[in-house]
Structures are given as C-alpha cells and as structure tokens.
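Trainee: Could you take me through one part of this model slowly, and set that part against the rest of the chain? I would like a single connected account.

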Amino acid sequence: MLDKMKNCLESEKNVEYPVVQTGRYYLHSENILLSMLTNEEEALRCEAIGKIIKIRLPPKMKEYENFLCPKDDLILEPPLTKQLDRGQLFSIKNKPFSVLNYPCHIQTVECLIKVVRAILRQAIGEDRRDGMIRATVESRKLLPKLRTKSAFNFR
C-alpha cells in the first residue's frame with residue numbers, strides 16, 4: 001500500500017498519509033489476528049487459529065532467539081481470545097468470532113494511558129502496578145475539579 005502511495009500526486013499524499021499514520025494502530029498483530037477470526041472465510045479463520053495456537057505454545061529453552069526477536073516480528077495474541085480454551089478457539093472455525101462494538105479511543109482512555117506510563121516507572125510487579133493505578137484513579141475522583149481560575153481561590 002505504501003508503495004502505491006509513493007506514486008501518488010502530492011495533493012493525494014497530503015490526504016492519504018495522515019489517514020495511514022492514524023490508522024497504524026489497526027496494523028498491530030493482535031488486531032490483524034482478530035480481524036482474521038471475524039472474517040467470513042473459513043480459511044482465514046483457520047490460519048488465525050493456527051497462529052494463536054502457535055503463540056500459546058511455550059518456547060523450547062534452547063531456542064533463545066524467541067526471546068531476542070525484534071519488536072516488528074513479535075506476534076501477540078488478541079486480548080479478547082486469551083480467556084478462550086482450545087475448544088472454544090477451534091469452534092471459531094465453524095462460525096466467525098463476534099466482537100462487541102465498544103469505543104476504545106476516548107478521552108478517558110488517553111488520560112489513563114498517561115497514568116499507566118507514569119506508574120510503570122514507579123512500581124515493579126503486576127499487583128503493585130494495578131493497586132497504584134486504582135488508587136490514583138480513586139484519588140482523582142475524590143479531588144475537587146478546578147476548571148477555572150476563580151475555582152482556585154481558597155479564601
């Protein structure tokens with residue numbers, strides 16, 4: 001696709017490049033696998049199931065290259081399929097996987113990403129990070145919302 005865009009007129013590039021740049025989130029491996037699982041074609045669904053099964057297999061201890069693969073080659077399982085067992089995963093072969101339509105890029109999510117990034121530097125361990133994130137969110141709910149300069153007057 002990017003090769004085709006190189007041959008476009010400059011006016012077309014100005015329109016197309018921002019769309020491709022903002023849509024690159026959808027090119028993550030887990031999103032591609034998820035779209036394959038929801039596809040009507042059984043062959044694509046079978047291929048996605050095979051890739052997910054391969055992702056779930058533990059690497060052999062002597063295969064150190066599995067731990068050193070570059071980020072671009074890293075293929076991750078979609079979070080929506082992690083709780084499915086093998087039987088449920090194989091049932092997707094017969095019927096496409098259905099995904100609830102819910103917004104994932106809202107302002108609240110963007111604000112929470114900042115909180116999570118800050119806490120990742122402060123806490124070690126999944127439980128501690130989870131606790132700090134929840135405590136931060138709760139404390140922000142309790143604090144007054146000061147949206148204007150006049151609201152900062154504490155006399």
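Mentor: A residue counts as buried when its relative accessible area is under 20%, as exposed when that area is over 50%, and as partly exposed in between. With that cut-off in hand, and remembering that this is a predicted model, the part to look at closely is helix 3, which is mostly covered, with seven of its nine residues buried.

The setting comes before the detail. The chain has seven helices and zero strands, and its pattern along the sequence is therefore written α-α-α-α-α-α-α under the run-based assignment of helices and strands. Buried residues make up 15% of the 155 residues in the chain, and the chain exposes about 13,400 Å², of which carbon and sulfur atoms supply 57%. Among contacts between residues at least 6 apart in sequence, 52% join residues at least 24 apart.

Within helix 3, the buried residues are S29, E30, N31, L33, L34, M36 and L37, a list that holds polar and charged side chains as well as nonpolar ones. The buried residues of this helix pack against helix 4. The two helices meet at an angle of about 140°, with their axes 8 Å apart, and they are therefore oblique to each other, helix 3 passing helix 4 in a left-handed crossing. At the level of residues, L33, M36 and L37 on the side of helix 3 meet L44, R45, E47, A48, I49, K51, I52 and I55 on the side of helix 4.

The same region carries the largest nonpolar core, a set of 12 residues made up of L33, L34, M36, L37, A48, I49, I52, I53, L84, L89, I92 and F97. Helix 3, spanning 29-37, and helix 4, spanning 42-56, each supply at least two residues of this core. L34 is a core member whose contacts, once residues up to four places away in sequence are set aside, are with P78, L80, F97 and V99; of these, F97 is itself listed in the core.

Another residue that reaches helix 3 is L76, which lies in the loop between helix 4 and helix 5 (86-91). L76 has a relative accessibility of 40% and counts as partly exposed, yet it touches S29, E30, L33 and I55, again not counting residues up to four places away in sequence. L76 and I55 are 21 residues apart along the chain, and their C-alpha atoms are separated by 7.0 Å. I55 is also among the helix 4 residues that meet helix 3.

For a second helix pair to set beside this one, consider helix 6 (residues 107-122) and helix 7 (residues 126-142), which pack at an angle of about 135° with their axes 10 Å apart. That makes helix 6 oblique to helix 7, and their crossing is right-handed. The contact is made by L112, V115, V116, I119, L120 and Q122 of helix 6 and by R129, M132, I133, T136, V137 and R140 of helix 7. A118 also has its place in helix 6, and it is partly exposed, with a relative accessible area of 29%. A118 lies 15 residues from I133 in sequence, and the two are 9.5 Å apart in space, C-alpha to C-alpha.

Terms used:
Residues numbered from 1 in each chain as written. Predicted model: local features only at pLDDT ≥ 70, side-chain atom pairs only at ≥ 80, totals over all residues. Heavy atoms only, no water. Buried < 20%, exposed > 50% of the residue type's maximum accessible area, 1.4 Å probe, protein only. Contact = heavy atoms within 4.5 Å. Areas by Shrake-Rupley, 256 points an atom, 1.4 Å probe, with all protein chains shown as cover. Core = buried A, V, L, I, M, F, W, Y, C linked by side-chain atoms within 4.5 Å. Axes fitted to C-alpha atoms, helices over the stretch in contact; angles between N-to-C directions. Parallel < 35°, antiparallel > 145°, perpendicular 65-115°, else oblique. Left-handed = near helix turned anticlockwise from the far one by under 90°.
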